Amino acid sequence: MTEVERGVQALRAGGLVVLPTETVYGLAADAVNPQAVARVYAVKGRPADHPLILHLADSARLETWAATVPEYVHNLAAALWPGPLTMVLPRTDRVADYVTGGQDTVAIRVPDHPLAQAVLTEFGGGVVAPSA
């Protein structure tokens, strides 16, 4: 089993994995698994009202997580993703309060690290990943 397969298997089982990005190593969990995300908060000692950044494999999945995606967001994504840009957008109902700290917006990134890209692509969903 490859490291990508092990990482994806851990995420799907509700575990935490460390993912490299172009800026930090992130402590990642499945964004739709409340127990996994709660573990991220606990391990980090992070207050539950501090939002987490949602990481995706590509911008094609934005509408799954963002309620409105203006044309300028698509233009920025095309020009700067993958890369170290985080965009804050109105969230869909799929994004729970435990990800956003109760806010109506979600911070979204598409990281440019090859390992993070491989894991996110294979996983197929969103992961929260604050700095480890």
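## A hairpin, its neighbour strand and a nonpolar patch

Strands β1 and β2 make a hairpin, with four residues between them. Strands here, like helices, are DSSP runs numbered from the N terminus (E, at least two residues, for strands; H or I, at least four residues, for helices). A quick word on where this comes from: it's a predicted model, in which local features need pLDDT of at least 70 and side-chain atom pairs count only at pLDDT 80 or more, while totals for chains, interfaces and linings use all residues. Residues are numbered from 1 along each chain as its sequence is written, and side-chain values use heavy atoms, with hydrogens and water left out.

Back to the strands. β2 pairs with β1 and also with β6, where pairing takes at least two DSSP bridges between two strands. Here's how those pairings look:

| Pair | Residues of the partner of β2 | Bridges | Direction | Example |
|---|---|---|---|---|
| β1 and β2 | β1, residues 17-20 | four bridges | antiparallel | Val18 with Leu27 |
| β2 and β6 | β6, residues 127-128 | two bridges | antiparallel | Asp30 with Val127 |

β2 itself covers residues 25-30, and five of its six residues are buried. Buried means under 20% relative accessible area, exposed means over 50%, and partly exposed is in between (1.4 Å probe, protein chains only).

Zooming out, the chain has six helices and six strands. Starting from the N terminus, they run α-β-β-α-β-α-α-β-α-β-α-β. The C-alpha atoms fill a box of roughly 40 × 30 × 25 Å along the principal axes. The radius of gyration is 14 Å, which agrees with the value near 14 Å for a compact globule of 132 residues; it's taken over C-alpha atoms, and the globule rule is 2.2 Å times the number of residues to the power 0.38.

Of those 132 residues, 45% are buried. As for contacts (heavy atoms within 4.5 Å), take the ones with a separation of 6 or more: 64% of them involve residues 24 or more positions apart.

What about the outside? The accessible surface comes to about 6,400 Å², with 54% of it belonging to carbon and sulfur atoms; areas come from the Shrake-Rupley method with a 1.4 Å probe, and for residues only the protein chains shown count as cover. One residue to look at is Leu76, which lies in helix α4 (residues 71-80). Leu76 is partly exposed, at 33% relative accessible area.
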